[in-house]
Amino acid sequence: MVSGGRWSQHAVMGNRRSGASSQAVDDLLDSPVVDETWPPAYLVASLPSALGTADVRAPRERDNGEPTRVLLVDDEEDEFILARDLLRRAGETRFTLEWASTFEGGLELLEYGLVNVCLVDYQLGARTGLDFVREGQAMSTDVPLILMTGRGGRAVDADAISAGAADYLDKAELTPALLERSIRYAIERASTLRQLRESEGLHRSIIASISEGLLVLSADGRVVAANPAAGRILQIVPAALVGRYASDDEWSWLDTDGASLVGRNHPLHLVDDRPMRSRIFGIHRRDGTTRWLAVSSGSMRDVGRDAAFVVSFEDVTEARETAQRLAQADRVDALDRLAGVMAHDFNNLVTVMRGCVDLLMDESDPVDVKHEVLANLSSTTDRASDLTRQLLDLRGQSRGDSRVVDLVVFVEALAGMIRQLVGERIKLTLTDLTEPAFVRVDPTRLEHAILNLAANARDAMPDGGQLAIDVAIERANSGSMGPGHRLAGGDCVALTVRDTGTGMDDGALARVFEPYFSTKGRGRGTGLGLASVYGTVQDSGGDIRIESAPGAGTTVRILLPRVADHGPVA
């Protein structure tokens with residue numbers, strides 16, 4: 001055999017007695033890179049007898065510009081010589097031809113991945129080239145496999161491609177140009193497929209890592225694909241979504257007013273290519289919770305026959321609740337400002353009225369019927385003055401005395417008044433905290449706030465129930481306080497008032513701090529109780545949260561900054 005032209009040969013083969021040797025492969029990984037100086041003169045002089053005893057050899061990884069490394073798996077020495085000659089006459093392309101004479105030796109070289117393409121003969125002793133192709137594919141190798149046979153036929157051709165071969169060649173029709181072109185196309189296709197797999201893997205990783213849910217829908221609304229976030233939001237395994245209709249009634253979709261969306265109004269009932277951008281919908285899930293999603297959709301008809309639409313949805317429940325709280329705070333602030341202005345003017349009028357009544361009472365006879373009328377009028381002005389004070393509390397404009405108090409002692413001191421207020425049918429439980437819980441507040445306003453909460457709890461339990469007032473010390477970290485919390489950190493004192501009353505729905509809960517809003521019905525409250533509590537807490541540098549549901553009672557949670565020690569009175 002002669003090395004020359006634009007190719008070089010590396011004459012290697014499997015040991016005909018025992019197949020490939022792993023030790024031989026390992027030993028030869030350190031051998032020089034094969035080039036046009038191969039084979040050496042002594043080996044050329046001894047061919048072909050030297051080929052019969054050569055071990056399996058593998059070249060190093062090639063650098064750019066090196067010859068294309070071709071592995072021939074064939075148990076016939078003549079086929080190696082034929083392949084060598086064809087490649088030598090294949091034009092400008094340089095090749096390094098390596099030969100494994102056994103099935104096992106070929107697989108071992110293939111497993112190392114140190115060749116660019118593999119030519120496989122159909123007849124390999126007890127095994128066939130189709131078996132080799134199948135086992136090579138099972139190894140997940142990127143090396144393209146080309147099956148060659150002298151017994152051509154459409155059936156063999158189809159079986160080869162089905163098994164994973166990159167091409168099928170009939171030896172009877174083989175020419176240098178045909179072999180070169182088949183090798184070149186196989187390598188190019190393998191490279192393209194590898195890049196495609198890498199690109200697909202990258203896109204899959206990106207899609208799997210994003211927090212937004214993604215659904216790919218067919219034209220009739222069936223789910224073609226879903227990412228993990230979609231399964232997490234919809235509470236179903238993504239694979240179980242595939243094949244189901246996106247508008248399945250297992251999930252109840254709602255508009256922003258809470259009305260159910262069905263039929264053509266369903267947000268995932270897509271019939272045209274018009275895009276949808278971040279529309280807000282509610283979804284009632286399997287666990288009974290309702291989440292709010294920003295849903296977008298677009299057309300994918302130009303991507304593939306199965307994909308018609310892509311739908312993305314982001315869980316914006318917390319953001320929506322935060323926005324609602326901010327909007328509520330804005331409404332409260334606006335009404336708060338109005339109430340402050342009105343309260344000042346009204347307070348001036350009440351002061352004049354009260355002065356006039358006091359003068360008239362001083363001049364009247366206590367036994368006179370007019371004195372009784374004046375006394376009733378005086379009582380009315382007192383109630384008007386109290387109402388004015390509540391209005392001023394909303395703005396923090398009432399004249400108060402801010403000082404440091406131990407909230408545990410403060411609540412215990414109010415116990416008798418609270419029991420008298422709620423009555424015997426309601427069981428009252430107070431805090432069992434033993435350590436001091438110092439906070440800086442206006443004691444008078446805080447007392448009114450606690451009594452307001454107790455009175456609301458009483459009204460929510462007309463047939464009796466349980467009222468618990470608890471004081472605790474905790475850290476105001478972002479994990480336990482929820483979004484939008486005013487207290488960024490440090491120790492806080494939590495005052496929790498919990499009842500087992502009728503509770504409130506979401507609509508009432510959203511407006512609960514608005515001045516003049518009341519759930520007690522006409523004539524049964526001013527609607528200033530919780531608004532006043534809200535103002536007291538805000539002026540004390542704290543925060544307030546209310547949790548409630550119809551039939552599940554109400555929990556009011558007030559958080560106030562903790563003072564390290566009682567210190568001087570402010």
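Entry 1, the largest cavity. I looked up which part of this predicted model gives the largest share of the lining of the largest cavity, and I found that helix α3 (residues 77-88) supplies that share with four residues. I then noted the volume of this cavity, which is about 70 Å³, and I wrote down that the structure holds four cavities of 30 Å³ or more. The search rests on a simple idea, because rolling a probe the size of a water molecule over the atoms shows where empty space is left.

When I listed the lining of the largest cavity, I read off Leu72, Asp74, Glu79, Leu82, Ala83, Leu86, Leu119, Met148, Lys171, Leu174 and Leu179. Sorting this lining by class, I got eight nonpolar residues and three charged ones, with no polar residue among them.

Entry 2, Glu180. I placed Glu180 in helix α7 (residues 176-209), and I asked myself whether Glu180 is buried or exposed. Its relative accessible area is 11%, and since buried means under 20%, I recorded Glu180 as buried. Setting aside the neighbours within four places in sequence, I found Glu180 in contact with Ala90, Thr93 and Phe95.

Entry 3, helix α16. I checked the 11 residues of helix α16 (residues 529-539) and found that nine of them are buried, so this helix is largely enclosed by the rest of the structure. The buried residues that I wrote down for α16 are Gly529, Leu530, Ala531, Ser532, Val533, Tyr534, Gly535, Thr536 and Val537. Following the chain just past the end of α16, I came to Gly541, which takes a positive phi of about 80 degrees.

Notes. Residues numbered from 1 in each chain as written. Predicted model: local features only at pLDDT ≥ 70, side-chain atom pairs only at ≥ 80, totals over all residues. Heavy atoms only, no water. 1 Å grid on protein atoms, 1.4 Å probe; cavity = no way out; pocket = protein on both sides within 12 Å on 5 of 7 lines; lining within 4 Å. Points joined across faces, edges and corners; volume = space filled by probe spheres on them. Nonpolar A, V, L, I, M, F, W, Y, C, P; charged D, E, K, R; others polar. Buried < 20%, exposed > 50% of the residue type's maximum accessible area, 1.4 Å probe, protein only. Contact = heavy atoms within 4.5 Å.
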